[in-house]
Amino acid sequence: MFAMYIISGLTGFIGLNSIAVLCNLVMGLALIFLCTWAYVKYSGEFREIGTVIDQIAETLWEQVLKPLGDNLMEENIRQSVTNSIKAGLTDQVSHHARLKTD
């Protein structure tokens, strides 16, 4: 919901109203599912609906969010290692240059 809210605001600001409306729709549906899920868990009624919502959430997590997060994490780690290697090499070169001048 938070991501859809941010995307909706940004796309609405730059004039992409159709994307903003779509994000608002997804955000509204997510809010309805959240409220329904909370009611089911609190009251104990309509357990079948709660089970369906749990299955949808698990599928979204396994198929969309987890792979996306893993890819982002892998790219950030790769970039961090690259930056560390570059910084280490730069330090070695500058240290070697100082030794030659001394």
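Here is a walk through this chain, from its overall layout down to a few individual contacts.

Keep in mind from the start that this is a predicted model. The protein chain has 3 helices and 0 strands, and from the N terminus on the order is simply α-α-α. Not much of the chain is tucked away: buried residues make up 7% of the 102 residues. The chain exposes about 8600 Å², with carbon and sulfur atoms supplying 68% of that area.

Let's start with H1, which covers residues 2-13. Its 12 residues reach 17 Å from first C-alpha to last, close to the 16 Å expected at 1.5 Å a residue. Threonine 11 sits in this helix, and with a relative accessible area of 10%, under the 20% cut-off, it counts as buried. Its side chain reaches back to the backbone oxygen of serine 8, at 3.2 Å. Just after H1 comes glycine 15, with a positive phi of about 95°.

Next up is H2, residues 17-43. H2 has 27 residues and spans 38 Å between its first and last C-alpha atoms, close to the expected 39 Å. Ala20, Cys23 and Val40 are buried in this helix, whereas alanine 38, also in H2, is partly exposed at 38% relative accessibility. The unreviewed UniProt entry annotates residues 12-40 as a "transmembrane region". In the model, that stretch is 90% helix and 0% strand, and its end C-alpha atoms lie 34 Å apart.

What follows H2? Glycine 44 does, and its phi is positive, near 85°. Then, in the loop between H2 and H3, phenylalanine 46 also has a positive phi, about 55°, although it is not a glycine. That is worth a second look because most residues other than glycine have a negative phi. Phenylalanine 46 is partly exposed, at 48% relative accessibility.

Past that loop, H3 takes in residues 47-101. To see how H2 and H3 sit beside each other here, try alanine 38 and glycine 50: they are 12 residues apart in sequence, and their C-alpha atoms are 8.6 Å apart in space. A salt bridge ties the two helices as well, with the side chains of lysine 41 and aspartate 54 meeting at 3.4 Å, N to O. This pair links distant parts of the chain, lysine 41 in H2 and aspartate 54 in H3, 13 residues apart. Both ends are partly exposed: lysine 41 has a relative accessible area of 47%, and aspartate 54 has 33%.

The same two helices contribute to a nonpolar patch on the surface, each giving two or more residues. Among its members are Leu22, Leu25, Phe33, Ile56, Trp61 and Leu65, and the whole patch has about 1100 Å² of accessible area. Leucine 25, for one, is found in H2.

How many salt bridges does the whole structure hold? A search finds 3. Besides the lysine 41 pair, look further along H3, where Glu74, Glu75 and Arg78 are linked in a network. Arginine 78 meets glutamate 74 at 2.8 Å, N to O, and glutamate 75 at 2.9 Å. Arginine 78 and glutamate 74 are separated by about one helical turn because they are 4 residues apart in H3; glutamate 75 and arginine 78 are 3 residues apart, again about one turn. The members of this network are partly exposed, with relative accessible areas of 43% for arginine 78, 44% for glutamate 74 and 39% for glutamate 75.

How values were computed
Residues are numbered from 1 along each chain as its sequence is written. This is a predicted model: local features need pLDDT of at least 70, side-chain atom pairs count only at pLDDT 80 or more; totals for chains, interfaces and linings use all residues. Side-chain values use heavy atoms; hydrogens and water are left out. Patches are made of residues with over 30% relative accessible area and no salt bridge: like charges are joined within 9 Å, nonpolar side chains (Val, Leu, Ile, Met, Phe, Trp, Tyr) within 5 Å. Accessible areas come from the Shrake-Rupley method with a 1.4 Å probe; for residues, only the protein chains shown count as cover. A salt bridge is a side-chain nitrogen of Lys or Arg within 4 Å of a carboxyl oxygen of Asp or Glu. The expected span of a helix is 1.5 Å times one less than its number of residues. UniProt positions are given in the numbering used here, feature names are shortened, and annotations may be inferred rather than shown by experiment. Buried means under 20% relative accessible area, exposed over 50%, partly exposed in between (1.4 Å probe, protein chains only). A polar contact is a pair of N or O atoms within 3.5 Å; within protein, one must be able to donate a hydrogen and the other to accept it, and residues adjacent in sequence count only if both atoms are side-chain atoms.
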